[in-house]
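Biologist: Mind walking me through this one? I'd like the reasoning behind each label.

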Amino acid sequence: MTIQAAFAHITNTILPLYEAREAANIAHMLMEHVTGMGKMDRIVHKDKALEPEQLQTLQSAITDLQRNRPIQYIIGISWFYGMEFRVNESVLIPRPETEELVEWILTEQPGGPIRLLDIGTGSGCIPISLQKNLPGATVWAIDVSEDALATAQGNATRLHAPVHFAVMDALDTAATATLPEFDIIVSNPPYIRQREKADMQHRWWILSHRSRCLYPTSTRSCSTAPSACSPSRNSRRRVNYTSRSTRHWEKK
């Protein structure tokens with residue numbers, strides 16, 4: 001199978017699951033992963049035949065795609081704020097919308113010796129992006145999952161971002177009381193409304209509890225969580241994520 005034929009095969013196979021444009025984007029990502037070649041190189045060498053090992057990798061990936069496994073988990077990479085993050089099932093995939101939250105903080109902050117905390121850090125995309133763009137800041141990140149923090153720490157090491165990580169439940173007031181005082185607390189919690197769950201059964205990777213708690217918003221949202229999530233001695237200013245498209249910037 002040639003590179004060109006492989007691209008067409010991926011696209012045609014997953015079209016029942018994705019819109020045409022998204023299917024093409026996924027096919028490009030997978031072909032780059034399989035061949036190690038960028039888009040232009042693949043165009044130039046479109047008639048080049050894939051090696052047997054590449055074909056095996058390709059078919060395995062297509063099977064995963066047909067099971068609705070995200071392409072980012074298949075290739076192990078997700079891009080966020082211009083940086084490459086390693087991802088796996090222990091973390092949720094960074095979303096482009098979350099870049100708006102990072103941009104908002106960077107726009108509001110002049111830099112300098114401030115302290116920031118990210119709650120439920122997952123892949124570490126938020127604190128790492130903030131640390132890289134606010135070199136004078138001290139950045140902490142916590143998560144209840146050791147596996148998630150291992151992924152985040154790996155990303156921080158590769159991207160040379162000195163973020164302080166800790167395994168901690170943000171709803172544990174005794175634990176969060178040990179944290180220092182922060183100028184900004186930010187969280188992008190992986191919650192799902194109860195009424196949305198029925199419509200998302202086919203998105204198994206979102207509903208799974210592999211690593212991070214998916215708190216129902218009615219009972220465990222950041223706005224109702226104690227200590228680290230609410231204005232207290234730990235927070236002079238906070239960024240509070242309230243939905244996939246609405247954020248609040250609250251100041252004391």
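Biologist: Which residues in H1 meet which residues in H2?

Modeller: Keep in mind this is a predicted model. From H1 you have Ile3, Ala6, Phe7, Ile10, Thr11 and Ile14, and they meet Ala23, Ala24, Ile26, Ala27, His28, Leu30, Met31 and Thr35 in H2. Those residues divide into 11 nonpolar, three polar and no charged.

Biologist: Why are H1 and H2 called oblique to each other?

Modeller: Their axes cross at roughly 135°. Antiparallel needs over 145, and perpendicular runs from 65 to 115, so H1 and H2 come out as oblique. The axes come within 9 Å, and the crossing is right-handed.

Biologist: And what makes H1 and H4 roughly parallel?

Modeller: H1 and H4 (residues 52-66) pack at about 20°. The cut-off for roughly parallel is under 35 degrees, so that label fits H1 and H4. Their axes are 10 Å apart, and H1 passes H4 in a right-handed crossing.

Biologist: Which residues make that contact?

Modeller: Ala6, His9, Ile10, Thr13 and Ile14 come from H1, with Leu58, Gln59, Ile62, Leu65 and Gln66 from H4. The split here is six nonpolar, four polar and no charged.

Biologist: How many residues does the largest nonpolar core have?

Modeller: It has 26, and Phe85, Leu116 and Phe165 are among those with the most contacts inside it. Elements giving two or more residues to this core include strand S2 (83-86) and helix H8 (146-158). A second, separate core of 20 residues includes Ile3, Met31, Val34 and Ala61.

Note on methods
Residues are numbered from 1 along each chain as its sequence is written. This is a predicted model: local features need pLDDT of at least 70, side-chain atom pairs count only at pLDDT 80 or more; totals for chains, interfaces and linings use all residues. Side-chain values use heavy atoms; hydrogens and water are left out. Axes are lines fitted to C-alpha atoms, for helices over the stretch in contact, and angles run from 0 to 180 degrees between N-to-C directions. Helices (H or I, at least four residues) and strands (E, at least two) are DSSP runs, numbered from the N terminus. A crossing is left-handed if the near helix is turned anticlockwise from the far one by less than a right angle, and right-handed if clockwise. Contact means heavy atoms within 4.5 Å. Ala, Val, Leu, Ile, Met, Phe, Trp, Tyr, Cys and Pro count as nonpolar, Asp, Glu, Lys and Arg as charged, and the others, Gly among them, as polar. A nonpolar core is a set of buried Ala, Val, Leu, Ile, Met, Phe, Trp, Tyr and Cys residues joined through side-chain atoms within 4.5 Å. Buried means under 20% relative accessible area, exposed over 50%, partly exposed in between (1.4 Å probe, protein chains only).
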